[in-house]
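Let's walk through this model together, starting at the ligand and then moving outward to the strands and a few backbone details.

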Amino acid sequence: MPTAHEFDSPMYHEAVGQFSEVAELMGLDENIADRLKVPQKSTVVAFPFRHDTYAEVETIFGYRVQHLTTMGPTKGGIRFAPDVDLGEVAALAMWMTWKCAIVGVPFGGAKGGVRVDPMALSRAELQRVTRRFTMEIINVIGPETDIPAPDLGTNEQVMAWLMDTYSQHVGHAVPAVVTGKPPALGGSVARREATGRGLMFLLPQAAAARDIKPEGVTTAIHGFGNVGRYAAVAGEQMGAKVVAVSDISGALYNPDGLNVDAAAKWVDEHRFLEGFPDADFIDGDKIFELPVDVLVPAAIQGVLTEDNADSVQAKIVIEGANNPTTLAADKKLRGREVFIVPDILANAGGVTVSYFEWVQDVQKYFWTENETVGRLREIMVRAFDDVHTIATSENVDMRTAALIKGIRRVADAKLVRGVFP
Ligand code: NAD
C-alpha cells in the first residue's frame, strides 16, 4: 500500500478501510487496489477572504480532489464546512467513484471543500468566498474534466456563482461546468429534490427485504437541508409517516406524524426548526434512539457510532449523508440485523440527476419533470436490485455488495485501459 500521510484523517481511513476489506474479499489485483486507495489529483489552495467589515482578511483553505479519471470527467460536490480537510475530501471523492459506478453514470469521483463556516457568512461574503475559490481551482474544473455540484453548506445559488465565475473567465456561458444550479441557468428540473427523492424510492425495496409493509412506516430523518428535507417530502408522498426531523438547532418529534410542508415553510422563514409549534422539540442526537421503523441520517458524517448504535431502534437505516455510520457502528447494527442501505447507493440520486443535468446542458435539450423523475426511479431501483442480488448471492451485507459492484466496474475499466506508457 502506498504511504499517503497527505490524506491522514479519520474519514479517509474509514474509506480506505472499507475499500481494503472488500478488495481482499473480491481478490482484487493488488496493483489496482493500491492505485485506487489514493486519489489521482489533489489541489490544495489557500486564499484571502475579506469580511464585510473590511478590517479582517482571513486566509482560507480550499480543496479539490479527483479520485479517478479513468471513466470520464470527474464529478462531485463542494462542501463549505468549518472542519473540512484534505483527507475528508479525498475520502468523499473515493466514495463518489463507487457511487457513479454503482448507478452506471460515466464519471469518476471528485469532491471539493472550503474550510469555512457558511452559517457565519453574509450573502455577500458567501459570494466572495465562492468566486475566489472558483478562480483558485479554475484550471482543474471544466465540463469535460471535472464538474462540481452542491454538497453540505452549498446550494443552487453557490453553483450559480461558480458557473458565472467560470463563464466570465472563459468569455462565454458554460452551464455544463456545474450541476445543481438553478433551472434558469440550465439546471435540471427535479435536481433539487433528487437525492432525497432517490433515497425514498428505495424505501419499498428495503421494506420488502426486511418483510415490512412500506405503508405507514414510521420514519425519522436527521438533517433538514437539501437531502433531509426532500427525503421527508418524498417519504410523506410515498405513504411513510415522518415522525421526526432535525437540523443543527435540534429535532422535532411528533409520534402522530409531522406536517412536513409546515416544517419546511417554518425553516424558509426562520432558518432553523427550533420554535416550530406543532411538535415536541428535542435534542438533535435523540433522533437516533426514537422508536421508528426507518432512520435516515441525512446531515453529517460519523453520527452513528459504536456508542449509540445499540440504542438505534429502527429496523432499516437509509443513509442520506455520506459516511454517517462508522465502521464499528456498521458492524454492531448489522449484528442486530438492521438493514442498511449504504450511502453510496442510497444517496446516488443526486449524482444521477446531476448526470442528467450535464447531458441536457451538453445537448442543449431539456427534459420534462416526468422524464427526469421516471429515469431517476428506474436507475435507483435497478441499482438497488443489482446490489441486493450480489448481497444475496455472495452472502454479504448491502454495503459490501454495493462496493463490490462499484469496484468491479472500475477495475474492469482500468484493466482494459492498461498502464500508460
Ligand atoms: P445541507 O447543508 O443542505 O443540509 C445539512 C443539514 O444538516 C441542515 O439541516 C443542517 O442544519 C444539518 N447540520 C449541519 N451540521 C450539523 C451538525 N453538526 N449536527 C446536526 N445537524 C447538522 O447539506 P445537504 O446537501 O443536505 O447534505 C447533507 C449530507 O448529504 C452530506 O453528508 C452530503 O455529503 C450528503 N449528500 C448530499 C447530496 C446533495 O445532492 N446535496 C448528495 C449526496 C450526498
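Around the ligand of this predicted model there is a shell of 21 residues, where a residue counts as near if one of its heavy atoms lies within 4 Å of the molecule. The closest are D151, G153, T195, V227 and N322. By class, this shell holds eight nonpolar, nine polar and four charged residues. Here Ala, Val, Leu, Ile, Met, Phe, Trp, Tyr, Cys and Pro count as nonpolar, Asp, Glu, Lys and Arg as charged, and the others, Gly among them, as polar.

Two domains contribute to the shell: domain 1 (5-173) and domain 2 (195-346) each supply at least three residues. The domain bounds come from an automatic or database domain assignment.

Oxygen atoms of the ligand also take part in polar contacts (pairs of N or O atoms within 3.5 Å; within protein, one must be able to donate a hydrogen and the other to accept it, and residues adjacent in sequence count only if both atoms are side-chain atoms). Here are three of these pairs.

| Residue | Part of the residue | Distance to a ligand oxygen |
|---|---|---|
| R79 | side-chain N or O | 2.9 Å |
| D151 | side-chain N or O | 2.7 Å |
| G225 | backbone N or O | 3.2 Å |

Taken alone, the ligand exposes 830 Å², and the protein buries 83% of that; such areas come from the Shrake-Rupley method with a 1.4 Å probe, and for residues only the protein chains shown count as cover.

Now to the strands. Seven of them form an open sheet with mixed pairing, in the order β9-β8-β7-β6-β10-β11-β12. At the edges sit β9 (280-282) and β12 (339-341), each paired on one side only. From one strand to the next, the twist averages 20°, based on axes fitted to C-alpha atoms, with angles from 0 to 180 degrees between N-to-C directions. Within the sheet, β7 (residues 241-247) and β8 (residues 250-253) pair in the antiparallel sense over four bridges, and A244 stands opposite Y253 in β8. Strands pair if DSSP finds at least two bridges between them; helices (H or I, at least four residues) and strands (E, at least two) are DSSP runs, numbered from the N terminus.

Which peptide bond is cis, with omega near 0°? That is the bond from F420 to P421, and P421 lies in the segment after α14 (398-417). A190, a residue other than glycine, has a positive phi near 70°; A190 lies in the loop between α5 (156-170) and α6 (194-201).

Residues are numbered from 1 along each chain as its sequence is written, and side-chain values use heavy atoms, leaving out hydrogens and water. As this is a predicted model, local features need pLDDT of at least 70 and side-chain atom pairs count only at pLDDT 80 or more, while totals for chains, interfaces and linings use all residues.
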